[in-house]
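This report covers the cysteines of one model, then a sheet and the helices that lie across it.

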Amino acid sequence: MHILLTRQLDDCSDLIIRFKNLGHIVSHLPLLNIKKTSYDHQILNDCKSIIFTSANAIKFLESKDIDKNIKCFCVGSSTEKRAKSFGFQNIISAEGNVRNLKELILQ
């Protein structure tokens, strides 16, 4: 089988290896270019919660000065996993559904 993966390489390199080891042909064609954006880090000091709509948002977050017990709303399990890997403790996941995320935040 020929498989086309469209995620960034660092998000799918292990999957490429596993598929190739199973004998599949794998092509990699990333559709998005994810890059870091500058922002004012001081803004985060006054926040009571953070909403993560993508695991990529966490990848570039300067998190060393952020309280790891701050309430974090995550759109799905991948985002939740990335938040946990950065040390965040108080995580609420919407199971990959933006509508659910909205409802969790409003509650």
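The structure contains 0 disulfides, a disulfide being a pair of cysteine sulfur atoms within 2.5 Å. This is a predicted model, in which local features need pLDDT of at least 70 and side-chain atom pairs count only at pLDDT 80 or more, while totals for chains, interfaces and linings use all residues. Residues are numbered from 1 along each chain as its sequence is written, and side-chain values use heavy atoms, with hydrogens and water left out.

The closest cysteine sulfur to that of Cys-72 belongs to Cys-74, and at 5.9 Å it is too far for a bond. Cys-72 is buried, at 0% relative accessible area, and Cys-12 counts as buried because its relative accessibility is 3%. Buried means under 20% relative accessible area, exposed over 50%, and partly exposed in between (1.4 Å probe, protein chains only).

Helices (H or I, at least four residues) and strands (E, at least two) are DSSP runs, numbered from the N terminus. Two strands pair if DSSP finds at least two bridges between them. An open sheet of 3 strands follows the order E3-E4-E5, with parallel pairing. Strand E3 (49–52) and strand E5 (90–93) are at the edges, each with a single partner strand, so one side of each has no neighbour in the sheet. From one strand to the next, the twist averages 20°. Strand E4 (residues 71–74) is joined to E5 by 4 bridges, and the two run parallel. Phe-73 stands opposite Ile-92 in E5.

Two helices lie across E3, E4 and E5. Contact means heavy atoms within 4.5 Å. Axes are lines fitted to C-alpha atoms, for helices over the stretch in contact, and angles run from 0 to 180 degrees between N-to-C directions.

| Helix | Residues | Angle |
|---|---|---|
| H3 | residues 77–85 | about 170° to E5 |
| H4 | residues 98–106 | about 155° to E4 |
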